[in-house]
Amino acid sequence: MEIVHIAAECYPVAKAGGLGDVVGSLPRYQCDAGHVAKVVMPMYRTGFLYRNAWDVVHKGGAALGHSWFDYTVIRERTNLLGFDLYLIDINGLLDRDQVYGYDDDTERFLAFQVAVVDWLSRWEHRPDIVHVHDHHTGMIPFMMQHCFAYRHLASIPVVLTIHNAQYQGVMGWERSHYIPAWDSWKRGMMEWHGAINPLACAVKCSHRVTTVSDSYMQELRVSSNGLEALFEYERGKCMGIVNGIDTEAWDPARDPYLEHHYASADPERGKRSNKEALCGIFGLDPRKPLFVFIGRLVGEKAADLLPQVIGDSLHHIGRRMSFLVLGSGESVTEARLESLKDFGRSEYGLYLGYNEGLAHRLYAGADFLLMPSRVEPCGLNQLYAMRYGTIPVVRNTGGLRDTVVDIGEPGGYGITHLHASVGDITHAVHRALQLYADPAATASVRSRIMELDFSWQASSDKYIDLYRTLK
Ligand code: ADP
């Protein structure tokens with residue numbers, strides 16, 4: 001089967017979060033299973049672009065409203081990632097340092113989508129499946145079905161995977177002329193609550209819709225930033241497929257970012273050495289249990305609660321533990337985390353920014369990972385943490401609910417809490433300390449989580465089964 005994945009991110013080319021991890025690994029597993037999976041993404045100005053060799057495979061042009069743009073499609077020459085990787089170069093629009101965050105993101109991603117569909121329409125054969133990811137590629141199914149120039153693509157089945165429904169790419173109707181000439185009878189397919197909503201449009205036009213966990217799929221019908229009724233109505237074509245992790249890139253026995261390697265058979269010494277190295281960097285006492293948070297400092301992740309959780313824990317439970325935070329995001333949360341430094345002294349460390357290597361060292365060196373998310377479609381951090389023997393302390397929601405079982409349950413291996421509240425999180429920290437006070441129990445949980453199989457194999461098969469229903 002030939003599958004064309006289209007996305008805004010793909011690790012290691014460009015990544016802002018879990019979307020990049022998924023698009024960087026799922027296609028490789030599909031290729032390993034004997035399929036032909038390809039990834040098409042924008043050509044940003046990233047290190048990966050300059051470090052590798054590329055062939056030009058197509059040059060074309062298309063209109064974005066009243067402006068004409070030229071685009072070039074390049075392909076990575078050596079199959080470095082285990083699948084064919086195509087970048088779309090649009091001068092002045094996509095060739096930026098960052099993936100997102102520009103005032104003209106709407107124009108950038110619309111031009112990208114127009115270029116991809118235009119290029120696909122010139123292929124001499126048809127792929128079996130077009131697989132789009134999140135709202136940045138959400139207009140593609142509409143264009144393939146309802147733009148006059150591209151209607152010959154309408155028979156290709158399209159699958160949409162929603163990695164995060166909070167972001168929908170909503171835009172006003174004044175931008176509708178950016179979409180290449182389309183059948184105005186189909187206006188309703190683009191519309192949601194009076195505006196053009198690319199995510200809603202993709203849900204309506206795709207043949208199947210997946211989210212990255214079962215629980216998140218159910219939650220979307222109750223809470224999805226305004227799309228609840230749509231998910232209820234379209235429930236027949238929606239399903240959850242939990243993400244896997246790339247067990248080669250995330251392997252504590254071989255991870256090039258780690259100073260000390262270890263395996264599940266004997267993790268204690270390796271973890272201790274990594275913890276000592278990490279604590280050395282941040283001036284923390286390695287004898288105390290170490291809690292880490294890694295991620296975007298935004299409301300979805302409940303990062304705004306961290307300053308009080310850390311402050312309260314150190315104040316009320318006593319300075320018996322350390323905290324390390326790695327992330328960036330809302331400036332108020334960043335400032336509050338920054339101001340905790342004086343209070344925390346030798347029990348608290350902070351790194352504001354994105355640092356892939358440091359994230360790996362935190363997963364390896366920590367005892368517990370905090371993930372109190374208000375919304376968590378799947379969550380990869382808890383899966384990486386478990387692979388590295390770090391016990392997850394998570395809110396019982398979305399993909400966290402599907403992947404972490406509380407130690408109070410039969411066969412449990414993590415610590416869960418119900419609400420994203422300071423009280424619940426602090427209580428969970430307290431329970432983690434009780435577990436840590438029993439080294440044999442902690443070691444046994446650690447070995448168990450390292451043995452759990454969260455690899456892509458099973459999930460990748462589920463996608464293939466889903467594609468087959470569309471053939
Ligand atoms: P989301 O996609 O919602 O941000 P996920 O849990 O699905 O959350 O994926 C987050 C990914 O991004 C993980 O690979 C995590 O290690 C990584 N990550 C998040 N913030 C940072 C950071 N500041 N530095 C390094 N890696 C980060």
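Glutamate 300 counts as buried in this predicted model, because its relative accessibility is 10% and the cut-off for burial is under 20%. Its side chain forms a salt bridge with arginine 296, the closest N and O atoms being 3.8 Å apart, and arginine 296 counts as partly exposed at 27% relative accessibility. Salt bridges that share partners also join Glu268, Lys275, Asp367 and Arg446 into one network. A search of the whole structure finds 31 salt bridges, and the points below take up some of these pairs, the contact between the two domains and the setting of one glutamine.

**Salt bridges from the loop between strand 11 and helix 9**

- Aspartate 246 and arginine 28 meet through their side chains in a salt bridge, with an N to O distance of 2.2 Å.
- Because aspartate 246 lies in the loop between strand 11 (238-240) and helix 9 (267-282) while arginine 28 belongs to helix 1, this pair ties together parts of the chain that are 218 residues apart in sequence.
- Both partners of this bridge are buried, aspartate 246 with a relative accessible area of 10% and arginine 28 at 14% relative accessibility.
- Aspartate 251 forms a salt bridge with arginine 387, and the closest N and O atoms of the two residues are 3.7 Å apart.
- The pair of arginine 387 and aspartate 251 links distant parts of the chain, 136 residues apart, since arginine 387 sits in helix 13 (residues 381-387) and aspartate 251 in the loop between strand 11 and helix 9.
- Aspartate 251 counts as buried at 12% relative accessibility, whereas arginine 387, with a relative accessible area of 21%, is partly exposed.

**Domain layout and the contact between domains**

- The protein chain is divided into domain 1, which takes in 2-244 + 457-468, and domain 2, which covers 267-453.
- The centres of domain 1 and domain 2, taken over C-alpha atoms, are separated by 33 Å, and the contact takes 18 residues from domain 1 and 16 residues from domain 2.
- Between them, domain 1 and domain 2 bury about 1300 Å², with 52% of this area on carbon and sulfur atoms.
- Lys15, Ser215 and Glu219 supply 26% of the area that domain 1 buries against domain 2, more than any other three residues.

**Polar and charged pairs across the domains**

- Two salt bridges are counted between domain 1 and domain 2, and eleven residue pairs are in polar contact between these domains, counting pairs with both residues at pLDDT 80 or more.
- On the side of domain 1 that touches domain 2, helix 1 (18-32) and helix 7 (214-220) each supply at least two residues, and helix 7 gives the most, with four residues.
- The residues on that side of domain 1 divide into six nonpolar, eight polar and four charged.
- The side chains of glutamate 219 and arginine 401 meet in a salt bridge with an N to O distance of 3.6 Å.

**The setting of glutamine 145**

- Glutamine 145 is found in helix 4 (residues 140-146), and this residue counts as buried because its relative accessibility is 15%, where burial requires a value under 20%.
- Leaving aside residues up to four places away in sequence, glutamine 145 touches Arg151, Ala154, Cys205 and His207.

Conventions
Residues are numbered from 1 along each chain as its sequence is written. This is a predicted model: local features need pLDDT of at least 70, side-chain atom pairs count only at pLDDT 80 or more; totals for chains, interfaces and linings use all residues. Side-chain values use heavy atoms; hydrogens and water are left out. Domain bounds come from an automatic or database domain assignment. Contact means heavy atoms within 4.5 Å. Buried area is the accessible area (1.4 Å probe) that two parts lose on being put together, summed over both. A salt bridge is a side-chain nitrogen of Lys or Arg within 4 Å of a carboxyl oxygen of Asp or Glu. A polar contact is a pair of N or O atoms within 3.5 Å; within protein, one must be able to donate a hydrogen and the other to accept it, and residues adjacent in sequence count only if both atoms are side-chain atoms. Ala, Val, Leu, Ile, Met, Phe, Trp, Tyr, Cys and Pro count as nonpolar, Asp, Glu, Lys and Arg as charged, and the others, Gly among them, as polar. Buried means under 20% relative accessible area, exposed over 50%, partly exposed in between (1.4 Å probe, protein chains only).
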